[in-house]
Amino acid sequence: MNYVVKHNKVLVTGGAGFIGSNLIDALLANENTVVCLDNFATGKIENLEAAKSNPNFTLIEGDIRDRNTCIKAVEGCDYVLHQAALGSVPRSIADPITSTEVNIVGFVNMLFAAKEAGVKRFVYAASSSTYGDHKALPKVEHVIGNSLSPYAITKYVDELFAKNFSDIYGIETVGLRYFNVFGRRQDPNGAYAAVIPKFVSSLIKHESPKINGDGSYSRDFTYIDNVIQANQLAASVPTEILKERLKDYQNSLAGVPKVSEEATISEVFNVAYGERASLNDLAGALKKGLSKYDSEIANIAFQYGPNRAGDVPHSHAAIEKGKTILGYAPKYSLETGLKEACEWYWGNLK
Ligand code: NAD
């Protein structure tokens, strides 16, 4: 059975951002009532263009660092999909204090408010950066290394708080460790833009994109629609089914920590496609994808610079846990996702 969130009231924090706004559109399409809480630090009102005209949508402009704002936003909600955070490893290295305030204090404010409001489940954006310097590939959820950046620390601390709140207060929490998400609405501008929109925007302008390092670093690039599916499942698969499947998963893989049947659900899952591509592979695929619209793009050469501090060399997710427990079945590969993304960027950036 394919679970989706339908006819519920859902709070999406960070809903004016790339991932949050896509979640909101999917939730509204399923006849949910949606509240968006965002302070527009990096989000944009244009991302909510479609949502704004829907009578089931409410926008609260506010900051998760303010506890009363969180309490007000979550009132009457069945689920929280917590996306609000300051993303980017380099941003957190440049300003670790603000990233910590938003990503940890803001997170705990929201988690506390959700617990007080008695939501059915708190689903939150975790991160593949939590794997840190652990070299094993593919990454399995229960084996992590040392954090390589303030951003990675904040995301790991969030997981610790989520587990602790589940243990102490009984709130169900599900963390989704996103791996390099890409797709429509991801911002190509600014110092902290993600690699795919940055490369696409340069190629469209006939500029030569810059790769940090020699291009051999690899990532498990994840198309936005796979992320939407994971969020829907993480919120809506019933508790009893999660517990049953969790037991099967624990028995199937050596080393998975055993969780007692009485424990409140508090799990983390990789959200990825389950394959990795190097930055050089990505560069080639983007040139190919965009040359369909402008043949000159095929001739643009990439530049190479030094590796960036805090970057993990390789990232590749094992997605068996999500498959077994949530029923996660990502539909878009890097190739099919890039096809959609290139079409969107061509229509919107050109
Ligand atoms: P984004 O920057 O587009 O969205 C984040 C949103 O949070 C923005 O709309 C921003 O305005 C809002 N926000 C920031 N600070 C806030 C505050 N103090 N109060 C209220 N709202 C605030 O980024 P995204 O790529 O959509 O990321 C969404 C979530 O997914 C984040 O938690 C991020 O850490 C996580 N994540 C993203 C990726 C990825 O590849 N995009 C990978 C791993 C984890």
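For what follows, Ala, Val, Leu, Ile, Met, Phe, Trp, Tyr, Cys and Pro count as nonpolar, Asp, Glu, Lys and Arg as charged, and the others, Gly among them, as polar. With that split, the shell around the ligand has 14 nonpolar, nine polar and four charged residues. One caution before I go on: this is a predicted model.

Let me stay with the ligand. Altogether 27 residues surround it, and D38, T42, D63, Y151 and V181 are the closest.

Where does the shell come from in terms of secondary structure? At least two residues each are supplied by α1, residues 18-29, by β5, residues 121-127, and by α6, residues 150-169. The element that gives the most is β5, with three residues.

Next, the polar atoms of the ligand. An oxygen atom of the ligand lies 2.8 Å from a polar backbone atom of I19. On the nitrogen side, a ligand nitrogen is 3.0 Å from a polar backbone atom of I64, and a ligand nitrogen is 3.3 Å from a polar backbone atom of N39. As for cover, the ligand taken alone exposes 820 Å², and the protein buries 90% of that.

Now to the strands, starting with β1, residues 9-13. How many of its five residues are buried? Four of them are, and the strand is mostly covered.

β1 has a partner in β2, residues 33-38; the two pair in the parallel sense over five bridges. Within that pairing, V12 stands opposite C36 of β2. The connection is worth a look on the screen: β1, α1 and β2 together make a β-α-β unit, and the unit is right-handed. The helix in that unit, α1, is also one of the elements that supply at least two residues of the ligand shell.

β1 also pairs with β4, residues 79-82, again in the parallel sense, over four bridges. Here L11 has V80 in β4 as its bridge partner. As a general point, side chains in a regular strand alternate between the two faces of the sheet.

Last, one residue after β4. S88 sits in the loop between β4 and α4, the latter being residues 89-94. Is S88 buried or exposed? Its relative accessible area is 16%, and buried means under 20%, so S88 counts as buried. Measuring along the chain and through space gives another view of this residue: S88 and G175 are 87 residues apart in sequence, and their C-alpha atoms are 18 Å apart.

Notes: Residues are numbered from 1 along each chain as its sequence is written. This is a predicted model: local features need pLDDT of at least 70, side-chain atom pairs count only at pLDDT 80 or more; totals for chains, interfaces and linings use all residues. Side-chain values use heavy atoms; hydrogens and water are left out. A residue is near a molecule or strand if one of its heavy atoms lies within 4 Å of it. A polar contact is a pair of N or O atoms within 3.5 Å; within protein, one must be able to donate a hydrogen and the other to accept it, and residues adjacent in sequence count only if both atoms are side-chain atoms. Accessible areas come from the Shrake-Rupley method with a 1.4 Å probe; for residues, only the protein chains shown count as cover. Buried means under 20% relative accessible area, exposed over 50%, partly exposed in between (1.4 Å probe, protein chains only). Two strands pair if DSSP finds at least two bridges between them. A crossover is right-handed if, with the strands pointing away from the viewer, the path from the first strand over the helix to the second runs clockwise.
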